[in-house]
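This briefing is meant to be read with the sequence and the model side by side. It goes through selected charged pairs, individual residues, a surface patch and the confidence values.

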Amino acid sequence: MAHPGHADHAHADPGHSHGHSHGHGPAAPVSKHLRKVIAAVLIPFAAAVFIGMVVLWPGGAPAHERSGVGFDRQTQQGKVVSLSQVDCKSVNASQVPPTGDTSTPEGREAQAAQTGECKKATVEVATGPDKGRTFVEIVQPGAPRQLKDGQDVVVAYAPDAPRDLQYSVIDVNRKLPMALLAGIFAVAVVLVGRMRGLFALIALVVSFAVLTLFILPAILQGSNPLVVAVVGASAIMLIALYMCHGLTARTSVAVLGTLVSLLLIGLLGSLFIDWAFLSGNTDDNTGLIHGLYPGIDMSGLLLAGVIIGSLGVLDDVTVTQTSAVWELHQADPAMGPRGLYRAGIRIGRDHIASVVNTLVLAYAGAALPLLLLFSIANSSMGSVANSELVAEEIVRTLVGSIGLVASVPVTTALAALVVSADRPGSPGDAVASGPARGGRGRRRKR
């Protein structure tokens with residue numbers, strides 16, 4: 001959603017643009033009393049988040065014996081050095097079809113392995129202690145992953161297997177296209193967002209750092225996933241919002257609105273995950289985590305995911321609502337808190353409609369293969385929704401959406417109260433918003 005203050009702010013004070021270019025448009029002056037009230041709420045909150053991170057800070061992920069299952073394998077980089085066509089029967093002599101019946105998927109697959117043309121790939125290990133060692137990988141015609149000559153691959157190492165079977169190809173190396181796409185994204189953000197885009201990218205890096213250095217290792221160490229997620233999400237929120245939008249009363253209101261909504265999501269999520277008996281252990285990956293770290297509370301991990309997943313969209317809603325109320329006050333400084341709330345909530349209703357749809361479609365898109373399986377099985381909607389895999393996504397979506405919907409009136413009301421409390425300063429504000437734009441730049445920097 002575009003904010004009216006953006007264009008105005010862009011040319012408000014070219015001489016001082018570096019000093020406040022990441023502010024969110026022209027901010028109304030905030031009285032010292034109001035600044036003290038906001039600080040009285042936010043400083044203890046920020047201190048509690050900091051203390052929480054210090055107390056829960058992990059010393060890195062705890063060590064464990066590698067199981068050799070799924071992602072928990074020793075891997076190295078490799079390269080396909082040669083590729084040749086071979087008769088499947090000659091390399092799959094031991095794989096006799098279990099029955100002559102080709103009506104079953106197993107029978108058809110086994111027959112294809114016997115009669116088709118297979119690929120024989122020679123793969124060279126490119127990293128690790130066995131660098132330069134080669135091994136042979138047979139690719140059947142129906143395999144989902146086909147190899148090409150010269151292709152970079154990821155190989156798994158099984159030290160306990162016979163020497164000829166120690167290495168196998170488990171994936172393709174996608175680092176180059178992924179890095180290129182990330183580069184295009186970063187350039188697009190900076191070109192369009194300028195300094196604010198740069199700050200947003202820095203905030204994104206910091207968010208990932210909090211996630212990988214604090215949240216994940218702390219959960220693995222056995223800390224309560226809900227507490228870790230709340231502390232980590234709060235830290236990400238404080239850093240990202242203030243870094244992107246400046247240390248202003250406007251940003252502080254957005255932080256408070258986001259905090260209230262996160263607490264609501266945490267309470268609702270906790271209630272309904274327990275009530276619906278959602279274990280959080282529904283697929284191979286969560287099963288592997290539970291097997292390696294039995295002490296992890298998997299339903300707590302599910303709730304932590306709901307909180308962290310909702311945070312990004314919440315930030316967008318609360319910042320937009322706060323900005324809308326501020327701009328409405330700028331347009332009509334005489335408007336009282338009720339008028340500001342009514343006008344702001346009208347903007348918020350449009351935002352709710354689009355954001356809820358976004359969240360639902362994002363989760364539906366992620367679960368598309370799963371929904372397709374249920375469709376193939378001709379399952380009824382009731383039985384599909386009742387299965388734990390789908391119920392998890394439904395609870396995740398609805399709890400997150402309730403938090404988003406609630407964030408609009410909460411943030412709008414907070415912003416209306418805060419900006420209206422500064423009405424004695426509005427005549428000065430009216431002067432500042434006139435032709436003497438340099439004064440406003442100086443006022444904001446004070």
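Glu327 and Arg250 form a salt bridge, with their closest N and O atoms 3.6 Å apart. The two residues are 77 residues apart and link distant parts of the chain, Glu327 sitting in helix α10 (residues 298-331) and Arg250 in helix α8. The model is predicted, and the mean pLDDT of the protein chain is 78.

**Salt bridges**

- The count of salt bridges comes to five.
- In the pair between helix α10 and helix α8, Glu327 is buried because its relative accessible area, 11%, is under 20%.
- Its partner Arg250 has 4% relative accessibility and therefore also counts as buried.
- Asp171 forms a salt bridge with Arg174, and the closest N and O atoms of this pair are 2.9 Å apart.
- Asp171 is partly exposed, at a relative accessible area of 26%, and Arg174 counts as partly exposed at 44%.
- Arg396 forms a salt bridge with Glu393, where the closest N and O atoms lie 3.5 Å apart.
- Both Arg396 and Glu393 belong to helix α14 (residues 388-420), and their spacing of three residues is about one turn of the helix.
- Glu392, Glu393 and Arg396 are joined into one network by salt bridges that share partners.
- Within this network, Arg396 counts as buried at 15% relative accessibility, whereas Glu393 counts as partly exposed at 21%.

**Thr251 in helix α8**

- Thr251 lies in helix α8, which covers residues 249-275.
- The relative accessible area of Thr251 is 3%, so this residue is buried.
- The side chain of Thr251 reaches the backbone oxygen of His245 at a distance of 3.2 Å.
- Leaving aside residues up to four places away in sequence, Thr251 touches Leu241, Tyr242, His245 and Gly246.
- His245 thus appears both as a residue touched by Thr251 and as the owner of the backbone oxygen that the Thr251 side chain reaches.

**Ser168 in strand β5**

- Ser168 is part of strand β5, which runs over residues 167-172.
- Ser168 is partly exposed, with 28% relative accessible area.
- Beyond four places in sequence, the residues that Ser168 touches are Phe135, Glu137, Val154, Val155 and Ala156.
- Ser168 and Gly78 are 90 residues apart along the chain, and their C-alpha atoms are separated by 9.8 Å.

**Nonpolar surface patch**

- Phe50, Ile51, Val54 and Val55 form a nonpolar patch on the surface, and together they have about 450 Å² of accessible area.
- One of these residues, Val55, lies in helix α3 (residues 32-56).
- Val55 counts as exposed because its relative accessibility of 66% is over 50%.

**Confidence**

- In the protein chain, 79% of the residues reach a pLDDT of 70 or more.
- Over residues 1-29, pLDDT stays under 50, and the model has 68 contacts beyond four places in sequence for this stretch.
- Over residues 425-446, pLDDT also stays under 50, and here the model has 29 contacts beyond four places in sequence.
- Where pLDDT is low, predicted coordinates should not be read in detail.

Note on methods
Residues are numbered from 1 along each chain as its sequence is written. This is a predicted model: local features need pLDDT of at least 70, side-chain atom pairs count only at pLDDT 80 or more; totals for chains, interfaces and linings use all residues. Side-chain values use heavy atoms; hydrogens and water are left out. Helices (H or I, at least four residues) and strands (E, at least two) are DSSP runs, numbered from the N terminus. Buried means under 20% relative accessible area, exposed over 50%, partly exposed in between (1.4 Å probe, protein chains only). Contact means heavy atoms within 4.5 Å. pLDDT is the predictor's confidence in each residue, from 0 to 100. Patches are made of residues with over 30% relative accessible area and no salt bridge: like charges are joined within 9 Å, nonpolar side chains (Val, Leu, Ile, Met, Phe, Trp, Tyr) within 5 Å. Accessible areas come from the Shrake-Rupley method with a 1.4 Å probe; for residues, only the protein chains shown count as cover. A salt bridge is a side-chain nitrogen of Lys or Arg within 4 Å of a carboxyl oxygen of Asp or Glu. A polar contact is a pair of N or O atoms within 3.5 Å; within protein, one must be able to donate a hydrogen and the other to accept it, and residues adjacent in sequence count only if both atoms are side-chain atoms.
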